[in-house]
Amino acid sequence: MGQKKKKSMILLLSVLLILAAVYFILQSWNKSQEKKQQAKEEAKQVYLTDIGEVKGIQYDTGSGDMEFKKEGDVWYYAPDMDFPLAQSYPKKMAEEFGHLKAERELKDGDSLEAYGLTDPVYTVVLKDAEGKETTLYYGSSTGDSYYVTVGDTKKVYTVSNTTISDLQYSLDDMAQLDTFPTIGSGNLKKEIITKDGKTTTYDSENEEDSKNIAAVAGGLGAVTLQKAADYSVEDKDLAQYGLDEASRTKVEAVYTLDEKEKTLTLYIGNTDADKNRYVMMNDSRIVYLISDEVCKNILNEE
């Protein structure tokens, strides 16, 4: 390579290195400016609450109180600690209300009555780790916002109407239901039905049971766990559903999942007024409602 070419290459590399360095510096400067701008915007934000850890949530939406409390890392429905509460609901409420952002603070406003705050639409009580309570009052709506005040401060703010979206769920909505496995004629190996001390077995390896296996597999495949009659039934109440040991029909379904053999146990009880059967599964304390037709297929009944 000639001397001129070498010098040209060195010059080109030098220019590229300088450009790369300038690019890196500009990128760093832009990121720094963005962080400063974000910090400025954050500093302007007004928060109605700033609770380190929310340990209790109680609210009234006009249709009765709802109360949740946190013990350790687990949230519970306070009136019934055995209720199968889906953790995502109280967690989201704690995050939202524990650090509630205001859209704006009203200066020289009218009386609380003018904003619907003397008769609040929603009242939310938060409890921190030390037991201190903070109360939020939601008044009238205005566009996409609500008027809110905290405790008896008499300062009025507006917050987004999306902040109360979590309060609209019913207790049924917040139940963590069991997952029913996928069972069909392709993976059902055996079904054992025990009723009144008598046992009936349908085995996929028995050619004479092929129609029976197809029938009961169709029933098992049609099960959906969507409705519940009781979320935490006590042993003393099982008889009213026909699910006590003396009355219930026991179904054991042996099936394969990922090449492993598993067993599902169902307990089928009485029929309700809407022709649904009361059903429990495995060790769950939830009493489900499943159509009588589906249960008859599971039991291979006409």
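These questions and answers walk through a predicted model, sheet by sheet.

Me: In the open sheet of eight strands, which are the edge strands?
Reply: The eight strands run in the order E4-E3-E2-E7-E8-E9-E10-E6, with antiparallel pairing. An edge strand here pairs on one side only. That picks out strand E4 (74-77) and strand E6 (104-105).

Me: Which residue is the bridge partner of Val 125 in E8?
Reply: Strand E7 covers residues 122-128, and strand E8 covers residues 133-142. The two run antiparallel and are joined by six bridges. In E8, the partner of Val 125 is Thr 135.

Me: At about what angle does helix H2 run to E2?
Reply: Helix H2 spans residues 88-98. It lies across strand E2 (54-60), strand E3 (65-71), E4, E7 and E8. Its angle to E2 is about 90°.

Me: How many residues are in the largest nonpolar core?
Reply: Among its members, Tyr 59, Phe 68, Tyr 138 and Leu 266 have the most contacts inside it. Helix H3 (residues 210-221) gives the most to this core, with four residues. The core has 57 residues.

Me: How many residues does the second, separate core have?
Reply: This core includes Leu 238, Tyr 241, Leu 243 and Leu 289. Its count is nine residues.

Me: Which methionines does Tyr 59 touch, not counting residues up to four places away in sequence?
Reply: The contacts of Tyr 59 include Gly 64, Asp 65 and Phe 68. Others among them are Thr 123, Val 124, Asp 166, Leu 167 and Tyr 169. The methionines are Met 66, Met 93 and Met 174.

Me: Why is one side of E12 and of E13 left without a neighbour in the sheet?
Reply: Seven strands form this open sheet, in the order E12-E11-E14-E15-E16-E17-E13. Strand E12 (198-203) and strand E13 (228-230) stand at its edges. One side of each is free of a neighbour because each has a single partner strand.

Me: By how much are neighbouring strands of the seven-strand sheet turned against each other on average?
Reply: The pairing in this sheet is antiparallel. The average turn ignores direction. It comes to 30°.

Me: Which residue in E17 stands opposite Asp 230?
Reply: E13 and strand E17 (residues 287-291) run antiparallel. Two bridges join them. Opposite Asp 230 stands Val 287.

Me: What angle does the direction of H3 make with that of E11?
Reply: H3 packs on the sheet. It touches strand E11 (188-195), E12, strand E14 (249-257) and strand E15 (260-271). With E11, the angle is about 85°.

Me: Which residue of E15 stands opposite Val 251?
Reply: On the E11 side, Val 251 has Ile 193 opposite. E11 and E14 pair over six bridges, and E14 and E15 pair over nine. In E15, the residue opposite Val 251 is Leu 266.

Me: What is the phi of Asp 258 in the turn between E14 and E15?
Reply: E14 and E15 form a hairpin with two residues between them. Most residues other than glycine have a negative phi. Asp 258 has a positive phi, about 55°.

Me: Is Glu 259 buried or exposed?
Reply: Glu 259 sits in the loop between E14 and E15. Its phi is positive, about 65°, although it is not a glycine. Its relative accessible area is 82%. Exposed means over 50%, so Glu 259 is exposed.

Me: What is the relative accessible area of Asp 196?
Reply: Asp 196 lies in the loop between E11 and E12. Its phi is positive, near 50°. Asp 196 is exposed, at 63%.

Notes
Residues numbered from 1 in each chain as written. Predicted model: local features only at pLDDT ≥ 70, side-chain atom pairs only at ≥ 80, totals over all residues. Heavy atoms only, no water. Pairing = 2+ DSSP bridges. Contact = heavy atoms within 4.5 Å. Axes fitted to C-alpha atoms, helices over the stretch in contact; angles between N-to-C directions. Core = buried A, V, L, I, M, F, W, Y, C linked by side-chain atoms within 4.5 Å. Buried < 20%, exposed > 50% of the residue type's maximum accessible area, 1.4 Å probe, protein only.
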